[in-house]
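Open the structure in your viewer and keep the sequence panel beside it. The stops below say what to select and what is there.

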Amino acid sequence: MAGSNEVNVNESKRVVPLHTWILISNFKLSYNMLRRPDGTFDRDLAEFLERKAPTTSIPVDGVCSFDVFDRATGLLNRVYWAATENEVQWGIVEPEKPLSTTEIVPVIIFFHGGSFTHSSADTAIYDTFCHRLVNLCKAVVVSVNYRRSPEHRYPCAYDDGWAALKWVQSRPWLKSGRKDSKVHVYLCGDSSGGNIAHHVAVRAAESGVEVLGNILLHPMFGGQLRTESEKRLDGKYFVTVQDRDWYWRAYLPEGEDRDHPACNIFGPRGKCIERLELFPKSLVVVAGLDLSQDWQLAYVEGLRKSKQEVKLLYLEQATIGFYFLPNNDHFYCLMEEIKNFVNSSC
Amino acid sequence: MGTYDKSISSGSSSSSKPPDQIDSLLSGAGYKVRSSELRTVAQSLERLDNVLVNNYLEISHHLSNDAIHYNPSDLFSWVDSLLSEFNQPVPMPDQSTLSDPAYVNTLVVPTLDPTVNAGVWTEHHAAPQHGIQQQLTVVTAMEEDPGIQLVHVLMTCADTIQRGELSLAGTLIEKLQDLLTRVNTGFGMGKVAGYFIEALSRRLFSTLLYTNRSVYESEFLYHNFYEACPYLKFAHFTANQAILEAFDGHDCVHVIDFSFMQGLQWPALIQALALRSGGPPFLRLTGIGPPSSDGHDSLSEVGLRLAELARFMNVRFVFRGVVASRLDDIKPCELQVNPNEAVAINSIMQLHRLLNSNSTHNSSIDFVLAWIRNLNPIIMTVVEQEANHNQPEFFDRFTAALYYYSTLFDSLEACSAQPEKALAEMYIQRELCNVVCCEGSARVERHEPLATWRVRLSGAGFKPLQLGSNAFKQASMLLTLFSAEGYCVEENEGCLTLGWHNRPLIAASAWQAVAEPRPPLEH
């Protein structure tokens, strides 16, 4: 690890607000306890330590949530939407009626982060984030509980993401629009969730399923090579190259290296997506203090070379997880960008 | 000490708010930290970070395998307890609460398969689910019209009953019975709706609302509920673990069980005490049970069997049965508590029976909590249904019960053992019926949620004892013994809950009397 730990800690303290520093440091501390050197994971302790949020039938900031069982995957996904009068009165949702017959209501499928290993849809920080997205984009958010590593490796997370997309597309009560009533889908994810969003979008494009946009928040990509940003920022802002390696080893098939196409999108084993006309436009957000940024920037470059529409939002002084708490400029900047990105198509 | 970036901080840390406030930003992330303690927590995290960096492997191993974690929401205490593992002093001069995590013997369950790997948490892949998912919003996997209509009309009916429009309610019952013919009542929504329709009919039309059930029958159904699903096992397991830990170092112990019910909970504790390091204590067990109508003394019968087990395990043991219909009929002197013994009070789904409709004047519960407190128990284990079935308005109670019991029945679908499953359903149905049909003193199933119990017990002079990560691990291990996936154990600020598909259904907590001078016991 470059530099002494004291120096590293002082550096992160200088750019990160106190609350964020506490929150992310706490995650770092507990995650360190959960990853075992032999590649196994202490799932019991992880579940014990994880702070979860219940669904809210009584609206919080006008947003209600409920969990839905998806028979195809056997998983519970969480749906967030703006409370309507009908619901509060009877507490019943009519599963046949569309969201709106006069306007377009985007449906954002959200894949939470956690490096493929941690968290779930009901983790408090992600539950809060999804609540915010509903009001911000006047959207419905579906947060997917994909199966996690190391218990479930590649391609489980992608399969679950794809199943969730198909499920969402086939719900009559998620449709909207005046003339052409359909489900208006966006994919959004942070860290591993961003990685999943990319792969699901590729599969959607290959299968003729329309996705209107991808929002990737410091998506988790990597490769065998050690990039300059990894060397420079190793251990400085909560994340180490060593822990990134651990998560890839836990997710990728045993014996594989980080040039596997799941990880290194536009690397030597990457798939060509130039001919995918249905591939959505992308908003890629890169935190300037994230050690993985060179891989994320390479992804953006790769999209451009593949003639796919992409917008890069580079937040120089942001660290990972800057969007969990509304206490910094990057947060507000991001929210504005997401709002414009989702609304521009509608 | 570096200074933190002065970006927009949360409103809660501005100087106008009192420093004792729980910080709102972190609270949204699930952590309860006082504004005044934020910097201390940050410094502690920093310290821990340095310690871990230097001794990563051995410490990580120790922290995850040997250390017991308590209440991770309380960041200040949690980080503090980790620091004290490594003899690192707390940074702030004015704070001195160094918690001391107890190292305990783990509870041995005799039937546990030794090859079960406790470290692996299986992902929840649920059996097909057809029932209602969550409070107030319904999206069923079936999406069948009659099913949705059933719920809709049930709620309408409850509403009309509340408003006193009984003839309209009667018409709705007929409509409900008609709808019922169009759904499959063998499982899922149809089955649950059937029970609720029956309960509502009884409420409207039946003059005999409260039938006297034989004790034998009640115990028989309870036993099947115990076998068919993990809720009671979880309750016993968790309570026993907490009691075992509390009894550490005590040679004379006395467990008072508020509802003996054939003593299902106690063989495991007797065994665990037999195997504890330092040898077993002298164990007294007092079991409270209702009077039997047929003269059959099941309390003593079971007591004898437990005594035999204890003798076999070389545990000095005495059992006493105390007969009482209600807990507030008991005079504490009947329990014959000795001053030199460590007392554990065990209440599995009993305290709610003492509540009434009046939230301000609850003399029965207050009376009982007061004498419990006077016994100065070193631990009181409380397990209650995690539901809000004692709300003042009938409609609210009905709605809460609809969602609670449909979730509960849903979880039972996963059980395949017959006749245990059918009998367990009967057990649940009786409980449900009491919530829906009965009023006044006949309505004993007055469940209240954990949050409400926390307030009530704290107000009665008890403080919470944390159920830690080892109890959580034990409970999780228990679940892996069941083939059904979909059950989940959750940690909730020092308490544990067991639920089905993210809906907690039963909550376990542990308490201790707050120390204060008390008047001598009256004998």
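## Stop 1: the sheet of chain A

Select the strands of chain A: eight of them form an open sheet with mixed pairing, in the order E1-E2-E4-E3-E5-E6-E7-E8. Strands (E, at least two residues) and helices (H or I, at least four residues) are DSSP runs numbered from the N terminus, and two strands pair if DSSP finds at least two bridges between them. This is a predicted model, in which local features need pLDDT of at least 70 and side-chain atom pairs count only at pLDDT 80 or more, while totals for chains, interfaces and linings use all residues. Residues are numbered from 1 along each chain as its sequence is written, chains are lettered from A and ligands numbered from 1 in the order in which they are written, and side-chain values use heavy atoms, with hydrogens and water left out.

Colour the edge strands of chain A, E1 (63-70) and E8 (310-315); each pairs on one side only. From one strand to the next, the twist averages 20°. (Axes are lines fitted to C-alpha atoms, for helices over the stretch in contact, and angles run from 0 to 180 degrees between N-to-C directions.)

Now select E1(A) with strand E2 (residues 75-82) of chain A: the two run antiparallel and are joined by eight bridges. At A:Asp70, the residue standing opposite is A:Leu75 in E2(A).

Add helix H5 (residues 124-137) of chain A, which packs on the sheet. H5 touches E1, E2, E3 (106-111), E4 (140-144), E5 (184-190) and E6 (213-217) of chain A, and its direction makes about 40° with that of E2(A). Contact here means heavy atoms within 4.5 Å.

## Stop 2: three loop residues in chain A

Go to the loop between E4 and H6 of chain A, where A:Pro150 is found. A cis peptide bond joins A:Ser149 to A:Pro150, with omega about -5°. A:Pro155 also lies in the loop between E4 and H6 of chain A, and a cis peptide bond with omega about 0° joins A:Tyr154 to A:Pro155.

Next, select A:Ser191 in the loop between E5 and H7 of chain A. A:Ser191 is not a glycine, yet its phi is positive, about 55°.

## Stop 3: H6 and H7 of chain A

Two packed helices are described by the angle between their axes and the distance between the axes.

Select helix H6 (residues 156-169) and helix H7 (residues 192-207) of chain A; their axes come within 9 Å and cross at roughly 55°. That angle makes H6(A) oblique to H7(A). (Under 35 degrees counts as roughly parallel, over 145 as roughly antiparallel, 65 to 115 as roughly perpendicular and the rest as oblique.) The crossing is right-handed: the near helix is turned clockwise from the far one by less than a right angle, whereas anticlockwise would be left-handed.

Show side chains at the contact: among them are A:Tyr158, A:Trp162 and A:Leu165 of H6(A), and A:Ile196, A:His199 and A:Arg203 of H7(A). By class, this contact has seven nonpolar, four polar and two charged residues. Here Ala, Val, Leu, Ile, Met, Phe, Trp, Tyr, Cys and Pro count as nonpolar, Asp, Glu, Lys and Arg as charged, and the others, Gly among them, as polar.

## Stop 4: H14 of chain B and two partners

Move to chain B and select helix H13 (residues 394-412) with helix H14 (residues 420-437): they pack at about 175°, axes 10 Å apart. H13(B) and H14(B) are therefore roughly antiparallel. The contact includes B:Phe398, B:Tyr405 and B:Phe409 of H13(B) and B:Ile428, B:Leu432 and B:Val435 of H14(B). Its classes are 12 nonpolar, one polar and four charged residues.

Keep H14(B) and add helix H7 (residues 188-205) of chain B; the axes come within 9 Å and cross at roughly 40°. H7(B) and H14(B) are therefore oblique to each other, and the crossing is right-handed. Residues of H7(B) including B:Tyr195, B:Phe196 and B:Arg203 meet residues of H14(B) including B:Gln429, B:Leu432 and B:Cys433. This contact has eight nonpolar, one polar and five charged residues.

## Stop 5: confidence

Finally, colour by pLDDT, the predictor's confidence in each residue, from 0 to 100. Chain A averages 90, with 92% of residues scoring at least 70. Among the elements of chain A, helix H4 (residues 85-90) has the lowest mean pLDDT (45) and E6(A) the highest (98). Chain B has a mean of 80, and 79% of its residues reach 70 or more. In chain B, pLDDT is below 50 over residues 92-144. The model scores ipTM 0.89 and pTM 0.68.
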